[in-house]
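Biologist: Thanks for sitting down with me! Could you show me the model, and then we can talk through its chains together?

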Amino acid sequence: MTISRKEFLKLSGLGVGAAVALSLLPGRLARAAGGELLAQGAPANARAVLYDGTICIGCRSCERACKQVNGLPPDEAHPETLTAYTFTRIRTARPEGGRPVYVKLQCMHCVHPACAEACIVGALKKTPEGPVTYDSGKCIGCRYCMVACPFGVPNFQWDNTLPWVAKCTFCTDLQAKGLEPACVAACPVHALKFGAREELLAAAKQRIAAEPARYVDHIYGESEVGGTSWVYLSAVPFEELGFKPHMTQPVTINAARAMGLVPPALIGVAATMTGIYWLTKGEKSSKHAKDAGEKEEGGETK
Amino acid sequence: MKQQERTFPLGTTILGALVILGLVPMIIRYTRGLGAISNLSDGRPWGFWISFDLYSGVALAAGGFTLAGWVYLFNREKYHAVARPAVLTAFLGYTLVILALLVDLGQPWYIWHAMVYWNIHSPLFEVAICVMTYTLVLALEFSPAVFERLNWRLPLRIIRSIQIPLVIFGVVLSTLHQSSLGSMLLMMPETLHPLWYTPILPLLFLISAIAVGPAMVVFESTLSTKVFGHKLSLDILGGLARGIPWVLGLYLLLKLVDLTARGNIGLVFTAYPQNLLWWGEIAIGAILPIILLSFPGIRQSRSGIFWSATLIVAGLVFNRFNVSMLALAMRPGFTYFPHWMEVAISVGLVADATLVIWLAYRLLPIASHEDAKSPQETRLPDAAQPPPEALVPEVAKLIQGTNL
């Protein structure tokens, strides 16, 4: 099939017009994919923990209980961060050089975990019961979860020839038996309260309302990155504890939108490339026919 | 030494030494763990291998899909001579990515898990699947060179009959994973610096890959000209040089419009020191090449085209390092500089690929392919090439000649 230059240009114009019109479609598809993500909230009775920083005395019983339950080796020093062998940590903050204030660090078990979205093989999963679980049976050690987590939680066994990612498990084994996580049970002053997320948020609001001078008027984890299962009350601004502010949307929102565009992109590119091949092939064979015709008339073509 | 034989500029001996130098840390990695050979840490879980081998490597291999698409789908016969070298470079590039991942992954023996356990929400999953599939596509696209050399007519006919669907598939796969490498970074809105973070990052990644693909083809073919003497026609080089600035211009325009639309254009001047990284990448990779290639004198000179292409490649690598390492804060308070063993492994892999390219040019019809007029012609090997049965003694002769 031959096609004249004029027809080719006309069709190209049509193609460009269609492309412009279609370019509005990706935006709508992307927003739809993002909307789907945001619509998935936490199930009403998903488990959570409320940590009250004004009660915590920094005794680190939670650290010891966690190590024991998970069979983790003791720390040689007391680093300020979580490691592959330390799933929870009490950090000591000294706001404005005053009295030390303690804050417990561990996996936040986010409502929309970036690690679970990032994991290539789905080794990290958000369970409806609340915990974000890690399945070493699937993990390939790519460490994307470590890069994606906005709280910098998952850690890696750099010294191991068979290295795994490691983080707080939320004691899913204990929860399955109807027990509380080890750290919650171990706390001698009951700074940790385990229960349904909705109830704990309500309880936290009650505490702030009852003693407004005692607490900063903010529940950290209520809406940060779309909400976390571990929510915090504090006497001092959270920034002074090293808890940076976060966006209220899940960090995965734009990635989810981009991934929503993959199926239409696949179809669109395949169709466009096929169309271009079909169109330009026609022009090429007509050019060949022209060249052949000129050669027949005698005299060389350049 | 015969007069026609040319020595590789660095010498195959040096390349061999680099390969061995890269192997030693690899062995230590498997026996002592990743911590023993790298400066990676919990705060910096990704480093040189991800920025260089994965991010830069995949983008630089974009010559495969861009040239194959341009020659076979847009039917630009003029560039036929560069299609095959481009596909070879791309195939080796992707093989390098996979080999580097076998070092970087914590459990590389489980790399096949990605084929069985799927997380379709993960951009990196999509990259993994597309890269695996596309490497296969590239192998098939390159196979005619091997079949021609061995004079296997039936496989040759089969591959030629599926060539167009294969090229279309390759363009689709490349579009998806080149952009998804950008989508991966969308997961870090709080740690990737606002000068780079944008919802259109996947599109920027795709466009920059389309620009650097032909530039890398120019770069690689100029170097192989120095070694083998097969000169690419200035017509072809000039054609590539004419087209690339338009893609770079679109890329630059999108970047600037995006920064302005998000109200961040001021950061270009105020966000120290990241703005220096930004200016560096833009100046080297886009502004300077666009200016240089606007001069007909440069566009028509081999060295002008080569150095412009080199700038584009350097700028692209700079950009990929910026978004995956230098401007990606990951966890504050951690610093990172690559361990020499990390670099040695990557250099060793590049030396591997260079040796393979050298062998391929010596043993297979790659450059001589420029004589073929159309992909439909079944081309017999050149009369100057020894017959297929002589392949083994010829390899032996080559090895002897290197004095390894």
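Biologist: What percentage of the 404 residues of chain B count as buried?

Modeller: Happy to start there, and please keep in mind that this is a predicted model. A residue counts as buried when its relative accessible area is under 20%. Applied to the 404 residues of chain B, that gives a buried share of 57%.

Biologist: How many helices and how many strands does chain B have?

Modeller: The contacts of chain B reach far along the sequence: among those between residues at least 6 apart, 79% join residues at least 24 apart. As for secondary structure, the count for chain B is 16 helices and 0 strands.

Biologist: Then let's look at helix pairs. Are α1(B) and α15(B) parallel, antiparallel, perpendicular or oblique to each other?

Modeller: Two packed helices are described by the angle between their axes and the distance between the axes. Helix α1 (residues 12-32) of chain B and helix α15 (residues 340-363) of chain B have axes that come within 7 Å and cross at roughly 135°. Roughly antiparallel would need an angle over 145 degrees. The two helices therefore count as oblique.

Biologist: How many nonpolar, polar and charged residues are in the contact of α1(B) with α15(B)?

Modeller: On the α1(B) side the contact includes B:L15, B:L18, B:V19 and B:G22. Across from them, α15(B) contributes residues including B:I345, B:G348, B:D352 and B:W358. By class, the residues of this contact come to 15 nonpolar, 5 polar and 1 charged.

Biologist: And how are α6(B) and α7(B) oriented, parallel or antiparallel?

Modeller: Helix α6 (residues 123-150) of chain B packs on helix α7 (residues 153-161) of chain B with 9 Å between the axes and an angle of about 150°. An angle over 145 degrees falls in the roughly antiparallel class. So α6(B) and α7(B) are roughly antiparallel.

Biologist: Is the crossing of α6(B) and α7(B) left-handed or right-handed?

Modeller: The residues that meet here are B:L140, B:S143, B:P144, B:F147 and B:E148 from α6(B), and B:P155, B:L156, B:I159 and B:R160 from α7(B). They divide into 6 nonpolar, 1 polar and 2 charged. The crossing itself is left-handed.

Biologist: Now a charged side chain: is B:D258 buried or exposed?

Modeller: B:D258 lies in helix α10 (residues 234-261) of chain B. Leaving aside neighbours within four places in sequence, B:D258 is in contact with B:T198 and B:I200. Its relative accessible area is 11%, so B:D258 is buried.

Biologist: Which residues does B:T191 touch, not counting those up to four places away in sequence?

Modeller: B:T191 sits in the loop between α8 (163-185) and α9 (201-228) of chain B. Its relative accessibility is 13%, so B:T191 counts as buried. The residues it touches are B:A327, B:L328, B:A329 and B:M330.

Biologist: Which two residues of chain B does a cis peptide bond join?

Modeller: You will find the proline of that bond, B:P273, in the loop between α11 (267-270) and α12 (274-292) of chain B. Omega is about -5° for this bond. The residues joined are B:Y272 and B:P273.

Biologist: Over to chain A, with its 9 helices and 9 strands. Why is one side of β8 and of β9 left without a neighbour in the sheet?

Modeller: The open sheet holds 3 strands in the order β8-β1-β9 (chain A), with mixed pairing. That puts β8 (192-196) and β9 (230-233) of chain A at the edges, so each has a single partner strand.

Biologist: Which residue of β8(A) stands opposite A:V49?

Modeller: Strand β1 (residues 47-52) of chain A pairs with β8(A) in the antiparallel sense over 5 bridges. One of the bridge pairs is A:A48 with A:G195. Opposite A:V49 stands A:F194.

Biologist: Which helix lies across β1, β8 and β9 of chain A?

Modeller: β8(A) is mostly covered, with 4 of its 5 residues buried. The helix lying across the three strands runs at about 130° to β8(A), and spans residues 197-210. This is α7 of chain A.

Biologist: One last check: is A:H190 buried or exposed?

Modeller: A:H190 lies in the loop between α6 (182-186) and β8 of chain A. Its phi is near 55°, a positive value in a residue other than glycine. With a relative accessible area of 60%, A:H190 is exposed.

Methods:
Residues are numbered from 1 along each chain as its sequence is written. Chains are lettered from A and ligands numbered from 1 in the order in which they are written. This is a predicted model: local features need pLDDT of at least 70, side-chain atom pairs count only at pLDDT 80 or more; totals for chains, interfaces and linings use all residues. Side-chain values use heavy atoms; hydrogens and water are left out. Two strands pair if DSSP finds at least two bridges between them. Contact means heavy atoms within 4.5 Å. Axes are lines fitted to C-alpha atoms, for helices over the stretch in contact, and angles run from 0 to 180 degrees between N-to-C directions. Angles under 35 degrees count as roughly parallel, over 145 as roughly antiparallel, 65 to 115 as roughly perpendicular and the rest as oblique. A crossing is left-handed if the near helix is turned anticlockwise from the far one by less than a right angle, and right-handed if clockwise. Ala, Val, Leu, Ile, Met, Phe, Trp, Tyr, Cys and Pro count as nonpolar, Asp, Glu, Lys and Arg as charged, and the others, Gly among them, as polar. Buried means under 20% relative accessible area, exposed over 50%, partly exposed in between (1.4 Å probe, protein chains only).
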